[in-house]
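Trainee: I have a structure open and don't know where to start. Can we go through it together?
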Amino acid sequence: MSFEKFFNTAVSAWMSQEGPDSDIVLSSRIRLARNIVDFRFPTLFSSEEAKQIVALFERTFAHRSYGGAGRFELLKMSELQPIEKRVLVEKHLISPHLAEDSPFGACLLSENEEISIMINEEDHIRIQCLFPGLQLAEALEAASELDDWIEGYVNYAFDERLGYLTSCPTNVGTGLRASVMMHLPALVMTQQINRIIPAINQLGLVVRGTYGEGSEALGNIFQISNQITLGKSEEDIVADLHTIVQQLIAQERAARQALVKTLGIQLEDKVFRSYGILANCRVIESKEAAQCLSDVRLGIDLGYIKNISRNILNELMILTQPGFLQQYAGGALRPEERDVRRAALIRERLKMEDRRKMEGDER
Amino acid sequence: MICQECKQRPATMHFTKIVNGEKTEFHLCEQCAKEHGHMFTFYGNDDFSLNNLLAGLLNFQAPMKEMTANAFPNPDVLQCETCQMTYHQFTQIGRFGCVNCYRTFARYLPPILKRLHSGNTAHSGKIPKRKGGVLHLRKQLATLKQKLQELVAREEFERAAEVRDQIRSLEDELRRRGEGDM
Ligand SMILES: [Zn+2]
Ligand SMILES: [Zn+2]
């Protein structure tokens, strides 16, 4: 497969489009957990029940169009190759739990990959809407509309007092998990993040690194989400998260300005060194790649680097993960081989920027 | 920040757990979080949930058991008729087996829900359209009544009067529907 072709099919809209505040907020996600009456929860349902649920959704929704999101396609976990599943996980379209521990799991995926409905994960269904930038309210509206549409065909488990009934009591009520992915390099560099995270936890929100198997937030990318699902309306949950995210954006912007002021050319140097590594490396581990990508992205946001699209961080953080690298290579790779592939893919992606730029100049 | 368990690696997993009404913070590295799997388990990279935390949390339920021993039958013998899950199993895995489990274990749920949801025990969000009708009206009524109290407290009597009228017409509507249903 040519790089451009691979690249164009690999990148979903939410990764390559820009949204509000997308210099700092990479994406917004809403997830709604729902269950259907008359079936036991996936905790202990029979394989017969599991198959009936998949069949119900296949019959009712597969191949149907939904607004601007395009047609839904049903993907059964049992029919996918391990690499294919991994790619879906890396794109945040399904959870690792669905990919690995749900033998009767399936996913209804919209053509534009903004909507994915996980079937037979921890709950019967989990509706997910992913939007670029900070668009929590928009994503909630989209998820809620989709929820209404689905509700027209199935009977949701709902209790007047407890709300939507979920297999785990941590999700009962709204079944809502709202989250944003944020790039916070300046708060990390200035170490302010260390006091900010506990403060955010105090407010009933969860902060964690989005990437990285080890112990850190690779690429300085953090995921912030709500913890409480009961006793607050969906709108309030989202509004409260939005408020905190806006404060974080302001703090990150202030920290960036402070860094520019105090470090000046040192910061510019750091950015361009990282660019140099990415543009020339022949072998690179995911940790180093993530740090360099974060630096380059910061350099783009600060105006040091021009003519490279901002999405490079978001895209390459995803495309340089093991699943994608192996899909690009067309087969399994050992870790050392992945590091070579990763370097090649990053260089290709940067060359693509140069080509785009030249085409732009000719016009 | 350094992991509070091993005191070596940086802490990347941060959560607040409310135990007996008191907030406790945990800052762990991923390795330690994994090692303490009985308390913190993760679904790999994504959509980490507190779910598994709960199983651990429920195992520390001794005080509640003592407290409820006299008032209620031993909860461990409770069993859901629909899915056969026992209350004991529920505390082990931290998940319900079916919708009916919520009813079967109802009297033991409020303290658990309070702990998980900052003291909340009742839903105040979306209602499925299908349930709509009367339920929607009742929620609307509750919201208006609260608004009325606030307005009165702030001595905004003119607006309070408007809200009171809305409440009356809603109550009329509910009464009409109630009669219609019967
Ligand atoms: Zn540790
Ligand atoms: Zn049950």
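Mentor: We will take the two chains in turn and then look at some single residues; keep in mind that this is a predicted model.

Trainee: Fine. How many helices and strands are in chain A?
Mentor: Chain A has 14 helices and 11 strands. Its radius of gyration is 21 Å, close to the 21 Å that the globule rule gives for 363 residues, so chain A is as compact as a globular protein of that length.

Trainee: What box do the C-alpha atoms of chain A fill?
Mentor: Roughly 65 × 45 × 40 Å, taken along the principal axes.

Trainee: And how many of the 363 residues count as buried?
Mentor: In chain A, 61% count as buried. The contacts are worth a look too: of those between residues at least 6 apart in sequence, 71% join residues at least 24 apart.

Trainee: What about the surface of chain A, how much is exposed?
Mentor: About 14000 Å², and carbon and sulfur atoms supply 48% of that. As for charge, chain A has 40 positive and 51 negative charges, and the mean positions of the two sets are 5 Å apart.

Trainee: Switching to chain B. What order do its elements run in?
Mentor: From the N terminus, two strands are followed by eight helices.

Trainee: How many of its residues are buried?
Mentor: Of the 182 residues in chain B, 43% are buried. Among contacts in chain B with a separation of 6 or more, 36% are between residues 24 or more positions apart. The accessible surface of chain B is about 10100 Å², with 52% belonging to carbon and sulfur atoms.

Trainee: Which feature does UniProt place in chain B?
Mentor: An unreviewed UniProt entry places "domain: UVR" at residues 138-173 of chain B. In the model, that stretch is 92% helix and 0% strand. The C-alpha atoms at its two ends are 10 Å apart.

Trainee: Back to chain A. Which residues of helix 4 are buried?
Mentor: Helix 4 covers residues 82-90, and its buried residues are Lys85(A), Val87(A), Leu88(A), Val89(A) and Glu90(A).

Trainee: What do they pack against?
Mentor: Their partners in chain A include strand 3 (70-76), helix 5 (96-101) and strand 4 (106-110). Helix 12 (312-319) and helix 13 (322-329) are also among them. Just after helix 4, His92(A) takes a positive phi of about 65 degrees.

Trainee: Where else do I find a positive phi?
Mentor: One case is Asp38(A), a residue other than glycine, with phi near 80 degrees. Asp38(A) is in the loop between strand 1 (25-34) and helix 3 (47-61) of chain A.

Trainee: Is Asp38(A) buried or exposed?
Mentor: Asp38(A) is exposed, because its relative accessible area is 72% and the cut-off for exposed is over 50%. His63(A) has a positive phi as well, about 70 degrees, and is not a glycine. His63(A) lies in the loop between helix 3 and strand 2 (65-66) of chain A, and with a relative accessible area of 53% His63(A) is exposed.

Trainee: Last one, Ser294(A). Buried or exposed?
Mentor: Ser294(A) is buried, with a relative accessible area of 0%. Ser294(A) belongs to helix 11 (residues 286-301) of chain A.

Trainee: What does Ser294(A) touch?
Mentor: Leaving out residues up to four places away in sequence, Ser294(A) touches His183(A), Pro185(A), Gly219(A), Asn220(A) and Leu313(A). Take Asn220(A): it is 74 residues from Ser294(A) along the chain, yet their C-alpha atoms are separated by 6.7 Å.

Note on methods
Residues numbered from 1 in each chain as written. Chains lettered and ligands numbered in written order. Predicted model: local features only at pLDDT ≥ 70, side-chain atom pairs only at ≥ 80, totals over all residues. Heavy atoms only, no water. Helix = DSSP H or I, 4+ residues; strand = E, 2+ residues; numbered from the N terminus. Rg over C-alpha atoms; globule rule 2.2 N^0.38 Å. Buried < 20%, exposed > 50% of the residue type's maximum accessible area, 1.4 Å probe, protein only. Contact = heavy atoms within 4.5 Å. Areas by Shrake-Rupley, 256 points an atom, 1.4 Å probe, with all protein chains shown as cover. Lys, Arg positive; Asp, Glu negative; His and termini not counted. Charge placed at Lys NZ, Arg CZ, Asp CG, Glu CD. UniProt positions renumbered as here; feature names shortened; annotations may be inferred.
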